[in-house]
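The following exercises concern strand pairing, burial and cysteine geometry. Each task is followed by a worked solution.

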Number of protein chains: 2
Amino acid sequence: MKKGYTIGIDLGGTNTKLALVDDKGRIVTRRLISTGEYPAKEAFIEAISGCVKEILAARGIKAVRGIGIGTPGLVDSRKGIVYSLTNIPGWDRVFLKKLLERSTRLPVFVDNDVNLMALGELKFGAGIGVKNLICLTLGTGVGGGIIIDGRLYRGTTLSAGEIGHISINENGPRCNCGGRGCLERYVGNRYIVALATRKIRRGKKTIVTKLVNNDLSRITPFVLSTAARRGDELAISIWQEMGKHLGVALSGVVNLLNPEVIVIGGGVANAGKVLFDALRKTVRERAMEIPVKAVKIVRGKLGQDAGIIGAVALVKLKT
Amino acid sequence: MKKGYTIGIDLGGTNTKLALVDDKGRIVTRRLISTGEYPAKEAFIEAISGCVKEILAARGIKAVRGIGIGTPGLVDSRKGIVYSLTNIPGWDRVFLKKLLERSTRLPVFVDNDVNLMALGELKFGAGIGVKNLICLTLGTGVGGGIIIDGRLYRGTTLSAGEIGHISINENGPRCNCGGRGCLERYVGNRYIVALATRKIRRGKKTIVTKLVNNDLSRITPFVLSTAARRGDELAISIWQEMGKHLGVALSGVVNLLNPEVIVIGGGVANAGKVLFDALRKTVRERAMEIPVKAVKIVRGKLGQDAGIIGAVALVKLKT
């Protein structure tokens with residue numbers, strides 16, 4: 001059964017998820033490693049390697065296609081280099097592919113996690129059979145992955161897909177990236193929370209204050225989603241505003257790239273119906289007639305496992 | 001010399017340009033037809049067909065690769081259908097490929113003119129050897145063509161590339177397309193002229209009034225370019241403002257698509273250095289570090305012949 005299984009790894013700043021996955025994209029078994037606990041990159045890579053061996057031994061599997069790894073931030077997917085990783089001291093331009101191939105004796109493939117989410121949704125999720133697909137993740141940052149003619153499009157210097165840094169207001173607030181009025185500057189986690197906090201401080205009535213025991217520093221997008229689901233007007237208005245910002249940026253993407261499907265994933269996507277209704281309404285109102293009729297905007301099907309499944313899809317493509 | 005020559009046609013609302021072009025993209029001979037003079041589509045198609053035969057006879061050429069045609073607006077490039085064409089009565093969903101193949105007995109290929117400009121610049125102009133290229137034309141409208149991995153990207157319903165309808169201000173003025181604050185709403189010909197007219201009416205000193213003999217209805221982008229070249233402050237400030245709007249939209253495109261080259265053509269591109277300086281400065285300041293270092297923003301090399309040469313490039317690809 002050499003071709004039957006693959007190891008998928010979602011390498012995050014807080015947790016690293018590993019799984020043994022079959023050829024249909026089903027997770028057979030999974031493990032979790034606390035990324036932040038490792039004192040240095042060598043120990044962390046050894047931990048991953050050990051965990052892979054343990055999974056294979058536990059399942060009695062002698063051979064797998066290989067290991068796929070998705071990580072946030074800048075990755076050289078050709079050489080398998082991961083440039084930086086929060087929480088791991090000394091992580092600077094690490095030849096992850098080479099190091100892990102040496103210690104596991106398995107082929108290793110590395111890519112950016114949002115690219116892999118796009119690939120995962122294309123091969124096993126909301127985009128099966130689709131040729132042109134855009135994937136958007138909403139969280140601390142706003143990331144994007146682009147599938148063109150059924151293939152991952154990485155761009156000239158492997159940095160394509162930064163949907164979060166399309167400006168929706170040319171004179172808008174400064175963004176960390178150096179731009180102004182970038183989408184992320186409105187819908188990134190911290191800006192959603194900041195907007196809610198400002199509105200509450202201005203005296204808007206809301207159940208959010210109760211949900212966080214009057215400690216406004218505890219507001220998160222998750223709390224705001226809960227409040228919106230319970231019908232809280234302030235929370236609903238915030239998700240509607242976020243949906244509009246997203247819809248404006250995605251209208252531009254629809255007009256420019258004329259995709260068949262836009263898949264939205266990540267934590268903030270859990271805000272659910274209110275967010276998606278506002279987003280779809282904005283795109284319907286603003287994008288051009290022909291491309292807007294052709295596009296479906298859907299929530300990611302793979303949820304929390306998108307990174308792992310995408311990493312597996314990458315290995316399947318490469319082996 | 002069957003493979004040595006191709007007929008390229010740039011079908012416009014006012015004029016239609018035809019040329020015999022060699023395999024290196026050099027124009028051997030050219031003709032001009034006044035599109036608007038023809039009473040109906042049949043007569044116009046016969047005129048094109050006759051002109052092609054005349055060119056071949058005049059040069060003593062027995063065979064060519066085929067005929068490539070670029071036209072504005074919506075084209076079904078697969079079936080060779082041109083949906084609408086200003087100035088020709090009764091032009092509605094015309095099977096241009098089929099009709100012209102019947103009357104010329106040559107293979108005919110049809111595509112949108114901006115797509116063909118992108119292809120022309122890729123094969124014979126500013127983008128030779130480039131894999132990922134964006135082409136932008138500035139005129140009445142703002143059009144775009146996208147080359148991904150060395151191939152024209154047309155999108156799911158063949159309508160990709162509408163860079164002019166990326167919003168740069170989510171609450172900006174309404175655009176004809178249904179959106180708000182679209183790039184075209186700022187840098188399309190009529191909006192440039194309207195801005196200049198407003199500023200002059202407000203009493204700004206400028207040589208533009210003299211250039212148009214005090215008849216402000218005669219202001220065109222061409223007049224504003226002339227004034228800017230002569231150092232007129234008002235005209236310079238207008239082109240700087242246009243460069244900034246373009247730079248904001250193109251920063252988003254750079255972050256999203258990470259292209260190697262952005263080619264800018266069309267009439268407004270003639271505003272020249274002032275426009276390009278402001279545009280490049282804005283992109284440098286706003287786009288992300290890695291993709292912005294990788295991209296060159298250049299003026300189209302093919303100028304007025306981009307449509308013809310692009311049509312020839314299309315035929316070369318298809319035959």
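**Exercise 1. Determine how the side chains of S9(A) are placed and whether they are buried or exposed.**

Step 1. A:Leu133, A:Cys135 and A:Thr137 point one way from S9(A), while A:Ile134, A:Leu136 and A:Leu138 point the other way, and all are buried. Buried denotes under 20% relative accessible area, exposed over 50%, and partly exposed the range in between, with a 1.4 Å probe and protein chains only.

Step 2. The strand spans residues 133-138 of chain A, and six of its six residues are buried. Strands (E, at least two residues) and helices (H or I, at least four) are DSSP runs numbered from the N terminus.

Step 3. The model is predicted: local features need pLDDT of at least 70, side-chain atom pairs count only at pLDDT 80 or more, and totals for chains, interfaces and linings use all residues. Residues are numbered from 1 along each chain as its sequence is written, chains are lettered from A and ligands numbered from 1 in the order in which they are written, and side-chain values use heavy atoms, leaving out hydrogens and water.

**Exercise 2. Identify which strands pair with S9(A), and in which sense.**

Step 1. Six bridges link S9(A) to S10(A), residues 142-148, in the antiparallel sense; pairing requires that DSSP find at least two bridges between two strands. Within this pair, A:Leu133 has A:Ile147 as its bridge partner.

Step 2. The connection from S9(A) to S10(A) is a hairpin through three residues.

Step 3. With S12(A), residues 261-265, S9(A) pairs in the parallel sense over five bridges. Here A:Thr137 is matched with A:Gly265.

**Exercise 3. State which residues touch the most other members of the largest nonpolar core.**

Step 1. The core has 106 residues, and A:Leu257, A:Ile264, B:Leu257 and B:Ile264 touch the most other members. A nonpolar core is a set of buried Ala, Val, Leu, Ile, Met, Phe, Trp, Tyr and Cys residues joined through side-chain atoms within 4.5 Å.

Step 2. Leaving aside residues up to four places away in sequence, B:Ile264 has contacts (heavy atoms within 4.5 Å) that include B:Leu136, B:Leu138 and B:Phe276. B:Leu136 and B:Leu138 lie on one side of S9(B), and both are buried.

**Exercise 4. Explain why B:Cys182 forms no disulfide with B:Cys177.**

Step 1. A disulfide is a pair of cysteine sulfur atoms within 2.5 Å.

Step 2. The closest cysteine sulfur to that of B:Cys182 belongs to B:Cys177 and is 3.7 Å away, so the pair is too far apart for a bond.

Step 3. Over all chains, the structure holds zero disulfides.
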